[in-house]
Structure formats: C-alpha cells, structure tokens
Amino acid sequence: MGEAEIDIQPLITSATSYGNPEMFGNMQIGKWLKSHDNALMEDSIVNIIDGKVKQDVPLKLQNVECGELYLELEWLPLDQ
C-alpha cells in the first residue's frame, strides 16, 4: 500500500496568519517546499480560492515499489 507523511503546519500557519480568507481574492499565501526530507513530488502551494484556504499536496508513496497520491486539503475553522 505504501506510506506518506504530510506536514500540515504550512496550511495552519498560512490560514491563521490571514484570519478571514473571505476578505481576500484568490492568491497564494504559503508553500511547503519539496526537499530530500519529504515525499513531495513538487512544492505544495497554499492558496486562498473562492474564500477558502486550500493546499494541493502531490506525494510519492514511500516503502513501496511505486505510487503517487494527490491530495487537496482545506482549512475549516472550528467556529464554523
């Protein structure tokens, strides 16, 4: 099946820094950089899209012969 680890800190930091994302237009607000220490296939960008904070995460699966995983994470504050 493979394994993949995701660092959600860039999403949390970016989302909390901008407060209410509905006040902003579509824009990039953060990034998780690809490195030899993570399984990213490319940099993972955190964006505000249509008033929502989202992050696309393209991962190469670990401990398996081959495999890729594409995730889209969305920030939802607990007060909603």
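Mentor: Start with a definition: a residue is exposed when its relative accessible area is over 50%, and buried when that area is under 20%. Keep in mind that this is a predicted model.

Trainee: Is Leu78 buried or exposed?

Mentor: Leu78 is found in the segment after S4. Its relative accessible area is 89%. The cut-off for exposed is over 50%. Leu78 is therefore exposed.

Trainee: How far apart are the C-alpha atoms of Leu78 and Val53?

Mentor: Look along the chain first: Leu78 and Val53 are 25 residues apart. Then look through space. Their C-alpha atoms are separated by 14 Å.

Trainee: Is Asn47 buried or exposed?

Mentor: Asn47 is found in strand S2. The cut-off for buried is under 20%. Asn47 has 19% relative accessibility, so it counts as buried.

Trainee: Which residues does Asn47 touch, leaving out those up to four places away in sequence?

Mentor: Asn47 sits in strand S2. Leave out residues up to four places away in sequence, and its contacts are Met27, Gln28, Ile29, Lys52, Val53 and Lys54.

Trainee: In what order do the elements of the protein run from the N terminus?

Mentor: Count them before you order them. There are 1 helix and 4 strands. From the N terminus on, the order is α-β-β-β-β.

Trainee: What share of the 80 residues in the protein is buried?

Mentor: The cut-off for buried is under 20% relative accessible area. Asn47 meets it at 19%. Across the 80 residues of the protein, the buried share is 30%.

Trainee: What is the phi of Asp50 near?

Mentor: Most residues other than glycine have a negative phi. Asp50 lies in the loop between S2 and strand S3 (52-60), and it counts as exposed at 68% relative accessibility. Its phi is positive, near 55°.

Trainee: And what is the phi of Asn63 near?

Mentor: Find Asn63 in the loop between S3 and strand S4 (68-74). With 65% relative accessibility, Asn63 counts as exposed. Asn63 is a residue other than glycine, yet its phi is positive, near 60°.

Trainee: Where is Glu42?

Mentor: Find two strands, S1 (27-32) and S2 (44-49). Residue Glu42 falls in neither run. Its place is the loop between S1 and S2.

Trainee: Which residues does Glu42 touch, not counting residues up to four places away in sequence?

Mentor: Glu42 and Trp32 are 10 residues apart along the chain, and their C-alpha atoms are separated by 9.1 Å. Now turn to contacts. Not counting residues up to four places away in sequence, Glu42 touches Lys34 and Pro58.

Trainee: Which residues form the negative surface patch?

Mentor: Asp and Glu count as negative. One member is the loop residue Glu42. The full patch is Glu42, Asp43, Asp56, Glu72 and Glu74.

Trainee: How far apart do the centres of the positive and negative side chains lie?

Mentor: Take the two sets in turn. The protein has 5 positive and 14 negative side chains. The centres of these sets lie apart by 5 Å.

Trainee: What percentage of the accessible surface belongs to carbon and sulfur atoms?

Mentor: The C-alpha atoms fill a box of roughly 45 × 20 × 20 Å, taken along the principal axes. The accessible surface of the protein comes to about 5,600 Å². The part belonging to carbon and sulfur atoms is 50%.

Definitions and conventions: Residues numbered from 1 in each chain as written. Predicted model: local features only at pLDDT ≥ 70, side-chain atom pairs only at ≥ 80, totals over all residues. Heavy atoms only, no water. Patch = residues over 30% accessible without salt bridge, like charges linked within 9 Å, V, L, I, M, F, W, Y side chains within 5 Å. Areas by Shrake-Rupley, 256 points an atom, 1.4 Å probe, with all protein chains shown as cover. Salt bridge = Lys/Arg side-chain N within 4 Å of Asp/Glu carboxyl O. Charge placed at Lys NZ, Arg CZ, Asp CG, Glu CD. Buried < 20%, exposed > 50% of the residue type's maximum accessible area, 1.4 Å probe, protein only. Contact = heavy atoms within 4.5 Å.
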